[in-house]
Amino acid sequence: MFITPAYAQAAGGGAETLLQMVPIALMFAIFYFLLIRPQQQKAKEHRETVSKLKKGDNVILAGGILGKVSRVRDGDPEIDVEIAKGTIVTVIRSAVSNVRNKAEPAKDAV
């Protein structure tokens with residue numbers, strides 16, 4: 001006939017399969033340590049900074065606006081920021097991108 005019988009090759013190559021997986025695992029490890037882990041640490045640091053905001057802190061908002069925290073309510077996601085004399089805006093805590101300098105604890109006037 002015209003077709004020659006094809007013989008299956010012996011199954012094997014367990015070591016070859018393992019060697020093919022090593023570069024993939026290595027790429028995943030590189031991505032984790034160079035991209036994923038630093039991003040998670042930065043997000044954690046931002047969450048801690050935002051949760052520790054207090055009255056008198058000078059902050060930079062996400063839009064680049066500089067202001068001073070005028071009121072913080074515990075458990076509330078909103079804070080009041082004075083961006084100019086007599087101009088107070090209410091923003092979400094996550095809109096704070098950076099705290100420029102920490103204020104000393106504010107003394108409540110009685």
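Which residue in β3 is the bridge partner of R71? In the predicted model examined here, that partner is D80. The pair belongs to the contact between β2, which covers residues 66-72, and β3, two strands that run antiparallel and are joined by four bridges. The description below starts with the chain as a whole, then follows the strands and their turns, and ends with the nonpolar core.

The secondary structure of the chain consists of one helix and five strands. Read from the N terminus, the order of elements is α-β-β-β-β-β. Of the 110 residues in the chain, 15% are buried. The exposed surface of the chain amounts to about 9,300 Å², and 61% of this area is supplied by carbon and sulfur atoms. Among contacts in the chain with a separation of 6 or more, 39% are between residues 24 or more positions apart.

The five strands form an open sheet, in which they are arranged in the order β4-β3-β2-β1-β5 with antiparallel pairing. β4 and β5 are the edge strands, each of them pairing on one side only. On average, and with direction ignored, neighbouring strands of this sheet are turned by 45° against each other.

Within the sheet, β1 and β2 run antiparallel and are joined by three bridges. V59 has G67 in β2 as its bridge partner. The hairpin of these strands, β1 and β2, has four residues between them, and G64 takes a positive phi near 95° there.

A hairpin is also formed by β2 and β3, with five residues between the two strands. In the turn of this hairpin, G75 has a positive phi of about 80°. Besides the pair of R71 and D80, V69 has V81 in β3 as its bridge partner.

On the other side of the β2 pairing, β3 meets β4, the strand of residues 87-92. β3 and β4 run antiparallel and are joined by six bridges. V81 stands opposite V89 in β4, and V81 is also the bridge partner of V69. Two residues lie between β3 and β4 in their hairpin, where G86 in the turn has a positive phi of about 80°.

In soluble globular proteins, nonpolar side chains tend to be buried together. The largest nonpolar core of this model has nine residues, namely L53, V59, L61, V69, I79, V81, V91, V96 and V99. At least two residues of this core come from each of β1 (58-61), β3 (78-84) and β5 (96-101). Two members of the core, V69 and V81, are bridge partners, and another member, V59, is paired with G67. L53, likewise a core residue, touches V59, V72, I79, R93, V96 and V99 when residues up to four places away in sequence are not counted. The contacts of L53 thus include the core residues V59, I79, V96 and V99, together with V72 and R93.

Notes: Residues numbered from 1 in each chain as written. Predicted model: local features only at pLDDT ≥ 70, side-chain atom pairs only at ≥ 80, totals over all residues. Heavy atoms only, no water. Core = buried A, V, L, I, M, F, W, Y, C linked by side-chain atoms within 4.5 Å. Buried < 20%, exposed > 50% of the residue type's maximum accessible area, 1.4 Å probe, protein only. Contact = heavy atoms within 4.5 Å. Areas by Shrake-Rupley, 256 points an atom, 1.4 Å probe, with all protein chains shown as cover. Pairing = 2+ DSSP bridges. Axes fitted to C-alpha atoms, helices over the stretch in contact; angles between N-to-C directions.
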